[in-house]
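Follow the charged side chains through this structure. Where do they pair, and how do those pairs sit in the fold?

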Amino acid sequence: MTPALHASALSVPGRLEAVGLDLGPGELVAVVGPNGAGKSTLIQALAGLLPAGGTIHWNGQLLSKIPMSERGRKLAWVGQEAHFEFAFPVREVVAQGRYAWGDDLSGVAAALAELDLTFLADRPATRLSGGERHRVGLARALATQAPIQLWDEPVAQLDVRHALEVMRLARRLTDGGGTVVVSLHDLRAAYRFDRVLVLDRGRLVGNGKPHDVLTAALIREVFRVEATFVESLVPELPGS
């Protein structure tokens, strides 16, 4: 089976070192690592947002050869911070996710509902809290209906209820055949993903099923802490 996204020798000087990986359809993938490990860099590089060495293929097609006007149909990226310079209504900001589809605005209302934003649809995006802005960014990515979603710390600014809803959404997307990559700091939550990528100082040092990768030895080496995980204490991923 052709991977949904394939990266070979992906490198960003001083930030990412020769990372190679395959992401399959239907996979929910966690990216973990200490601060400065390269998590955000990896996700941005996979999205084609950074000048990087190596190659990235989308469904066997070289990503750099796909026009930018078409990439929005294939993958979506959400950064750690959502800043809106202009006071466009939330509905219009989310609709920006449809730019690659021309005048087709289907999916905007559904994206607003998924992220609990319908009641804020007419509010200027500049008058939102940090968590609300982040949900708008996620809704804009969801509106693209892109099969590959790359989310950088999507729950860091959210309250408990909305964080759980975002994780449920991620699982539903992968159940439908999509690929969702999520960077996060909660190692316990990472145990409920299909696969985990561990970065340390720009190097990919772990790639596989969480219980195979997140061992006490690796956590000690990468995170410089002693850790023991008891299965009953690892929270279920909502919707799994």
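A helix here is a DSSP run of H or I, at least four residues long, and helices are numbered from the N terminus. The model is a predicted one. With that in hand, start in helix α6. R161 and E165 lie four residues apart in this helix, so about one helical turn separates them. Their side chains meet in a salt bridge, N to O at 3.0 Å. R161 is partly exposed, with a relative accessible area of 46%. E165 is also partly exposed, at 24%. The pair does not stand alone: salt bridges with shared partners join D116, R135, R161 and E165 into one network.

Helix α6 spans residues 160–175 and also holds R172. Which side chain meets R172 in a salt bridge? It is E114, at 2.5 Å from N to O. This pair links distant parts of the chain, since E114 belongs to helix α4 (residues 108–114) and the two residues are 58 apart. E114 counts as partly exposed, at 31% relative accessibility. R172 is partly exposed as well, with a relative accessible area of 43%.

Now turn to R98. Its salt bridge partner is D104, and the closest N and O atoms are 3.2 Å apart. Is R98 buried or exposed? R98 has a relative accessible area of 1%; under 20% means buried, so R98 is buried. D104 is partly exposed, at 32%.

Side chains of opposite charge can pair when their charged atoms come close. Across the whole structure, a search finds 10 salt bridges. Those described above include R98 with D104, and E114 with R172.

Technical notes:
Residues numbered from 1 in each chain as written. Predicted model: local features only at pLDDT ≥ 70, side-chain atom pairs only at ≥ 80, totals over all residues. Heavy atoms only, no water. Salt bridge = Lys/Arg side-chain N within 4 Å of Asp/Glu carboxyl O. Buried < 20%, exposed > 50% of the residue type's maximum accessible area, 1.4 Å probe, protein only.
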